[in-house]
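Let's take a walk through this structure together, one piece at a time. Have the sequence and the 3D view ready.

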Amino acid sequence: MPVSKDRITLTGLRVQANHGVFDFERANGQLFVIDVTAWLDLSLASLSDDLANTVHYGELAEEVVAAVANDPVDLIETVAERVAQVVLAHAPVQKVEVTVHKPQAPISVEFANVAVTIERSR
């Protein structure tokens with residue numbers, strides 16, 4: 001079955017968390033910004049006007065934030081994978097793209113953003 005072209009997108013979810021390889025990142029925490037795109041067939045939801053036929057994006061946003069906020073890990077790649085699995089736990093979701101931004105990463109040169117993007121599907 002081909003992946004639907006329909007999607008739900010959450011952009012700029014802001015989470016204070018303690019991920020990172022350095023002790024000070026774990027102790028002090030920092031801002032992470034999360035973008036999620038979930039591909040799913042929205043035709044039934046659009047025809048029925050029934051929330052039961054889609055993924056509740058408000059609840060999804062809360063789940064993503066909780067997944068990022070808890071259980072510190074070293075790598076933002078691991079955070080992205082965790083978020084992808086949370087999104088794919090919703091049965092209608094066929095594919096997900098997750099970007100984890102770490103705008104306060106400990107880098108010695110001037111920069112605007114550091115981000116990791118992954119795609120996962122069923």
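Before we look for aromatic pairs, here is what counts as one: two rings of Phe, Tyr or Trp (its six-membered ring) pair if their centres lie within 6.5 Å, and planes under 30 degrees apart make the pair stacked. Keep in mind too that this is a predicted model.

With that in hand, a search of the whole structure turns up 1 aromatic pair. The partners are Phe22 and Phe24, whose rings are stacked, with 5.5 Å from centre to centre and 5° between the planes. Are these two buried or exposed? Neither, quite: Phe22 has a relative accessibility of 40%, so it counts as partly exposed, and Phe24 is partly exposed as well, because its value is 46%. Another ring worth finding is that of Trp39, where Lys95 lies over the face at 4.6 Å from the ring centre.

Now for the sheet. It is an open one, built from 4 strands in the order S1-S2-S3-S4, with antiparallel pairing. S1 and S4 stand at the edges with a single partner strand each, so one side of each has no neighbour in the sheet. On average, neighbouring strands are turned by 15° against each other, ignoring direction. Strands of a sheet pair through backbone hydrogen bonds, in a parallel or an antiparallel way. Zoom in on S3 and S4: their antiparallel pairing runs over 7 bridges. In this region, Val96 stands opposite Arg120 in S4.

Helices come next. H3 lies across S1 and S2, running at about 35° to S1. Over in helix H4 you can find Gln85, which is partly exposed because its relative accessible area is 43%. The C-alpha atoms of Gln85 and Ala17 are 18 Å apart, with their positions 68 residues apart along the chain.

So what holds the middle of our tour together? In soluble globular proteins, nonpolar side chains tend to be buried together. Here the largest nonpolar core has 29 residues, and Ile34, Val87 and Val98 touch the most other members. Strands S1 (7-17), S2 (30-39), S3 (95-101) and S4 (115-121) each supply at least two residues of this core, as do helices H3 (57-69) and H4 (76-88). Which element gives the most? That is H4, with 7 residues.

Finish at Val98. Leaving aside residues up to four places away in sequence, Val98 touches Ile34, Asp35, Ala80, Val83, Ala84, Val116, Thr117 and Ile118.

Notes: Residues numbered from 1 in each chain as written. Predicted model: local features only at pLDDT ≥ 70, side-chain atom pairs only at ≥ 80, totals over all residues. Heavy atoms only, no water. Phe/Tyr/Trp six-rings, centres within 6.5 Å; stacked < 30°, edge-to-face > 60°. Buried < 20%, exposed > 50% of the residue type's maximum accessible area, 1.4 Å probe, protein only. Lys NZ or Arg CZ within 6 Å of the ring centre and 35° of its normal. Core = buried A, V, L, I, M, F, W, Y, C linked by side-chain atoms within 4.5 Å. Contact = heavy atoms within 4.5 Å. Pairing = 2+ DSSP bridges. Axes fitted to C-alpha atoms, helices over the stretch in contact; angles between N-to-C directions.
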